[in-house]
Amino acid sequence: MTDKAIEPLVPKEGLHVLHLFYKIEHGQWQLATAEEQRQAMTRLSQLVGEIRATPSTQLLIFSMVSPKADIGFMLLTPDLHAANRFEKRLTLSLGPDVLTPVYSYLSLTEQSEYTSSDEELAANLAAEGAVKPGTPEFDAKMDEIRARMAKYKKDKLYPNLPDWPVFCFYPMSKR
């Protein structure tokens, strides 16, 4: 075994998205003194700031609307090792046995399987008949479409998500 640092585990494109859901063990939390609770909340706040200051990383925090969990985190980051480290620290941030993981999953941001090729976009534009292929107007319109599609791809692979105050589970199946 070498002393070499672990290489980042980064997807070819996009981000790792770690969804973490916890129950707050209120009985355990109440065993802490007011000072210990204040220190724990400060630790959590500092950790949130550290995670959010990590390049290309987002952390969203939610109040959960369901009895399945009390608090949820969504961590988006390019490095799976960093996601793992942050997850372990979040779990322990309020002290041992205060946050109990009830559900988690890992996903990746990805380009839509329904993205059209450049040839398909040109064929659709030609079929509309508003501009003729091979003209400067057609080329300008294609440049506009390409720019819009590049932005769409970037937004899908590297989203900038807004803060949401609440989150809830809902049944979903791709079958």
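**Strand order, helix packing and burial in a predicted model**

Strands β2 and β3 form a hairpin with six residues between them. The model is predicted, so local features are reported at pLDDT of at least 70 and side-chain atom pairs at pLDDT 80 or more, while totals for chains, interfaces and linings use all residues. Residues are numbered from 1 along each chain as its sequence is written, and side-chain values use heavy atoms, with hydrogens and water left out. Helices (H or I, at least four residues) and strands (E, at least two residues) are DSSP runs numbered from the N terminus.

**The sheet and its pairing**

- The hairpin belongs to an open sheet of five strands, in the order β4-β1-β3-β2-β5 and with mixed pairing; two strands pair if DSSP finds at least two bridges between them.
- The edges of the sheet are β4 (99-108) and β5 (166-167), each of which pairs on one side only.
- Strand β1 (residues 16-24) pairs with β4 in the antiparallel sense over nine bridges. Within this pairing, K23 has T100 of β4 as its bridge partner, and L20 stands opposite S104.
- β1 also runs antiparallel to β3, to which seven bridges join it. Here F21 stands opposite G72, and H16 has T77 as its bridge partner.
- The two strands of the hairpin, β2 and β3, are antiparallel and share six bridges. Residue L60 is partnered by M74 of β3, and S63 stands opposite I71 of β3.
- The pairing of β2 with β5 is parallel and comprises two bridges. The bridge partner of M64 in β5 is F167.

**Burial of the strands**

- Burial is judged by relative accessible area: buried means under 20%, exposed over 50%, and partly exposed in between (1.4 Å probe, protein chains only).
- In β3, seven of its seven residues are buried, and the strand is mostly covered. One side carries I71, F73, L75 and T77 and the other G72, M74 and L76; all of these are buried, and both faces of β3 are covered.
- β1 is largely enclosed by the rest of the structure, because seven of its nine residues are buried.
- β2 is likewise largely enclosed by the rest of the structure, because five of its seven residues are buried.

**Residue H16**

- H16 lies in strand β1 and is buried, with a relative accessible area of 8%.
- Leaving aside residues up to four places away in sequence, H16 touches L9, V10, P11, L75, L76, T77, P78, D79, L80, L106, S107 and L108; contact means heavy atoms within 4.5 Å.

**Helices on the sheet**

- Directions are compared through axes, lines fitted to C-alpha atoms (for helices over the stretch in contact), and the angles run from 0 to 180 degrees between N-to-C directions.
- Helix α2 (residues 34-53) packs on the sheet and touches β2 (58-64) and β3 (71-77), its direction making about 135 degrees with that of β2.
- Helix α3 (residues 80-92) lies across β1, β2, β3 and β4 and runs at about 10 degrees to β1.

**The α4 and α5 pair**

- Helices α4 (residues 118-128) and α5 (residues 136-157) pack at an angle of about 130 degrees, and their axes are 11 Å apart.
- The two helices are therefore oblique to each other. Under the cut-offs used, angles under 35 degrees count as roughly parallel, over 145 as roughly antiparallel, 65 to 115 as roughly perpendicular, and the rest as oblique.
- The crossing of α4 past α5 is right-handed, meaning that the near helix is turned clockwise from the far one by less than a right angle; an anticlockwise turn would be left-handed.
- On α4 the contact is made by D118, L121, A122, L125 and A126, and on α5 by F138, K141, M142, I145, R146 and M149.
- By class, this contact has eight nonpolar, no polar and three charged residues. Ala, Val, Leu, Ile, Met, Phe, Trp, Tyr, Cys and Pro count as nonpolar, Asp, Glu, Lys and Arg as charged, and the others, Gly among them, as polar.

**Positive phi in loops**

- S56, in the loop between α2 and β2, has a positive phi near 60 degrees although the residue is other than glycine. S56 is exposed, with a relative accessible area of 57%.
- D97, in the loop between α3 and β4, is not a glycine and has a positive phi of about 65 degrees. D97 counts as exposed at 57% relative accessibility.
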